[in-house]
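Hi,

Here is the structure I promised to pass on. Please open it alongside this note, and then read on for what turned up.

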Amino acid sequence: KNGIIIDPYKNKKYQNDIFLENGKIRKISDSIEIDDALIIDCSKKIITSGFVDIHAHFREPGQENKETLETGSLSAMAGGFTDVCIMPNTSPPIDNPESIRFILDKTISLPINIYPIGTITKGQLGKEISEISEMINSGAIAISDDGLPVENGNVLRYALEYTKMFDIPVINHAEDVCLRANGLMNEGYMSTILGLDGNPDIAESTMIFRDLSIAEYTGGRIHIPHVSSAKSVEIIKEFKNRGVNVTAEVTPHH
């Protein structure tokens, strides 16, 4: 009762009561009175559809000291997230169908939906394409070497061409590691004043330009993660206007 309902599908915001029965919404109305029903007062609270996180790290297998599939799921649920895509840079990386099935089998009983992403290359080494079709058939919803860019443009081309058969996105970590060097902050006036090595925004934007050029050439589907610079946004906009099948994301701190 008394909750503010935000409906993203109808683009509406209003205050109403909601009647739930056996996990299903049965009625939405100004005032609902049901005998013997449990009443939850949602005054000053928002009721909306579950959030989706398309870029999360649950760190299992191999780094359970940081996070597990269970703790990550409980944190997601507490924050209103019902669907989470998890990245493959675990230890070992999720680069084969067995690892995909391990994730899905272990998350059956967890309270949210988890969608595993497989690696682009075996071992995230950037050299040899992973068993992409087998991973997809096992339940992977995208491929990425997240944390490590695919530096070899030809390998990225093969990945984009191959995934066209399955209509899933390739997510390449958008960073030229040579330009990045060991930067500690954005390269500019403040980094000079502070005497800290800078990381120029072109370390991101030039890699994005390369990736989108390859995507345009192959007709593949590409997703750009954690965009952090204005130059990158302009490049993505340009390629979108040219009809390239590209989506992008930002992180809260960017």
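**Tyr162 and its partner**

Tyr162 is partly exposed, at 32% relative accessibility. The model is a predicted one, so please read everything below as computed, because local features were only taken at pLDDT of at least 70. Tyr162 pairs with Phe166. The two rings are tilted, with 40° between the planes and 5.9 Å centre to centre. Phe166 is partly exposed too, with a relative accessibility of 27%. A search of the whole structure gives three aromatic pairs, and Tyr162 with Phe166 is one of them.

**Charges over rings**

Two rings carry a charged end above them. Lys12 places its charged end over the ring of Tyr14, 5.0 Å from the ring centre. Arg242 does so over Phe239, at 4.2 Å from the centre of that ring.

**The nonpolar cores**

The largest nonpolar core holds 38 residues. Ile114, Ile143, Leu212 and Ile224 have the most contacts inside it. Many elements feed this core. Helix 1 (69-78), helix 2 (97-106), helix 3 (132-138), helix 4 (153-163), helix 7 (202-218) and helix 8 (230-241) each supply at least two residues. Strand 6 (81-86) and strand 12 (221-224) each do so as well.

Another core lies apart from that one. This other core has five residues, including Cys85, Ile117, Ala142 and Ile171.

What does Ile114 touch, leaving aside neighbours within four places in sequence? Its contacts are Phe58, Leu69, Ser73, Val84, Ile86, Ile103, Leu104 and Thr107.

**Helix 7**

Helix 7 has 17 residues. From its first C-alpha to its last it reaches 24 Å, close to the 24 Å expected at 1.5 Å a residue. Its buried residues are Ala203, Glu204, Ser205, Met207, Ile208, Asp211, Leu212, Ile214, Ala215 and Thr218. Note that Glu204 and Asp211 are on that list. The cover over these buried residues includes helix 4, helix 5, strand 11 (198-199), strand 12, helix 8 and strand 13 (245-248). Just after the helix comes Gly219, with a positive phi of about 75°.

**Two serines, Ser205 and Ser232**

Is Ser205, in helix 7, buried or exposed? Ser205 has 4% relative accessibility, so it counts as buried; the cut-off is under 20%. Not counting residues up to four places away in sequence, Ser205 touches Lys231, Ser232 and Ile235.

Ser232 sits in helix 8. Ser232 is buried as well, at 0% relative accessibility. With residues up to four places away in sequence left out, Ser232 touches Glu204, Ser205, Ile208 and Val227. Glu204, Ser205 and Ile208 are among the buried residues of helix 7. For a sense of distance, take Ser232 and Ile168. They are 64 residues apart along the chain, and their C-alpha atoms are separated by 22 Å.

**Cysteines**

How many disulfides does the structure hold? Zero. A disulfide is a covalent bond between the sulfur atoms of two cysteines. Cys42 is buried, with a relative accessible area of 15%. Cys85 is buried too, at 10% relative accessibility. Cys85 also belongs to the five-residue core.

**Backbone points to check**

Most residues other than glycine have a negative phi, and most peptide bonds are trans. Four places depart from that pattern.

- The peptide bond from Glu60 to Pro61 is cis, with omega near 15°. Pro61 lies in the loop between strand 5 (51-56) and helix 1.
- The bond from Ser91 to Pro92 is also cis, with omega near 5°. Pro92 is in the loop between strand 6 and helix 2.
- Gln124 has a positive phi, near 55°. Gln124 lies in the loop between strand 7 (113-116) and helix 3, and it is buried at 10% relative accessibility.
- Ala181 has a positive phi, near 50°. Ala181 is in the loop between helix 5 (177-180) and strand 10 (185-186), and it is partly exposed, with a relative accessible area of 43%.

Best wishes

Notes
Residues numbered from 1 in each chain as written. Predicted model: local features only at pLDDT ≥ 70, side-chain atom pairs only at ≥ 80, totals over all residues. Heavy atoms only, no water. Core = buried A, V, L, I, M, F, W, Y, C linked by side-chain atoms within 4.5 Å. Buried < 20%, exposed > 50% of the residue type's maximum accessible area, 1.4 Å probe, protein only. Helix = DSSP H or I, 4+ residues; strand = E, 2+ residues; numbered from the N terminus. Contact = heavy atoms within 4.5 Å. Phe/Tyr/Trp six-rings, centres within 6.5 Å; stacked < 30°, edge-to-face > 60°. Lys NZ or Arg CZ within 6 Å of the ring centre and 35° of its normal. Disulfide = S-S within 2.5 Å. Expected span 1.5 Å × (residues − 1).
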